[in-house]
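Dear colleague,

I am passing on a structure that I would like you to look over. My notes on it come after the entry itself.

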Amino acid sequence: MTIAPEPGPPTALGDPGALDEPIGFGNPTPEQLLFYWMPVDGRRHAIRGAHGSHHPGQPADTLCGRQVLTRTASEREWILWTTCDECWHIAKSAQHAGSHR
């Protein structure tokens with residue numbers, strides 16, 4: 001009989017190793033499931049981290065792998081800009097994986 005190793009502590013989002021695997025694969029940690037939406041670069045992207053964890057002008061990573069500068073978006077951008085398809089699919093996969101833990 002083979003015994004699986006004990007899982008280590010969850011990695012923090014600030015840990016570069018936390019971003020090695022795409023969020024939609026394996027069993028995401030609670031930190032990987034934490035994101036919020038923000039209009040940036042012409043689309044609504046999912047930003048890794050808790051809402052309010054970035055101040056305007058700070059770099060942040062999106063679920064689709066882009067690095068963006070956070071900012072305050074206008075109501076018009078929230079309404080007119082489309083959602084990034086890749087962020088949406090990764091977010092849905094993460095939500096689905098998190099609900100089956």
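The notes below take up the aromatic pairs, then a hairpin, and then two residues in loops.

Please bear in mind that this is a predicted model, in which local features need pLDDT of at least 70 and side-chain atom pairs count only at pLDDT 80 or more, while totals for chains, interfaces and linings use all residues. Residues are numbered from 1 along each chain as its sequence is written, and side-chain values use heavy atoms, with hydrogens and water left out.

Aromatic rings of Phe, Tyr and Trp (its six-membered ring) are taken to pair if their centres lie within 6.5 Å, with planes under 30 degrees apart called stacked, over 60 edge-to-face and the rest tilted. The count by this rule is two aromatic pairs. In one of them, Phe 35 and Trp 37 meet edge-to-face, at 6.1 Å centre to centre and with 85° between the planes. Trp 37 also pairs with Trp 88, here in a tilted arrangement with 6.2 Å between the centres and 40° between the planes. Because Trp 37 lies in strand S1 (residues 35-40) and Trp 88 in helix H2 (residues 85-99), this pair ties together parts that are 51 residues apart in sequence; helices (H or I, at least four residues) and strands (E, at least two) are DSSP runs, numbered from the N terminus. Phe 35, Trp 37 and Trp 88 form one aromatic cluster. As for accessibility (buried is under 20% relative accessible area, exposed over 50%, partly exposed in between, with a 1.4 Å probe and protein chains only), Phe 35 is partly exposed at 23%, Trp 37 is partly exposed at 25%, and Trp 88 is partly exposed at 44%.

Strand S1 runs antiparallel to strand S2 (residues 43-48), and six bridges join them, where pairing requires that DSSP finds at least two bridges between two strands. Met 38 stands opposite His 45 in S2, and in the hairpin of S1 and S2, which has two residues between the strands, Asp 41 takes a positive phi near 55°.

Trp 81 is found in the loop between helix H1 (75-80) and H2, and at 22% relative accessibility Trp 81 counts as partly exposed. Leaving aside neighbours within four places in sequence, Trp 81 is in contact (heavy atoms within 4.5 Å) with residues including Pro 39, Val 40, Asp 41 and Gly 42.

His 54, in the loop between S2 and strand S3 (59-61), touches Tyr 36 and Thr 70, among others.

With best wishes
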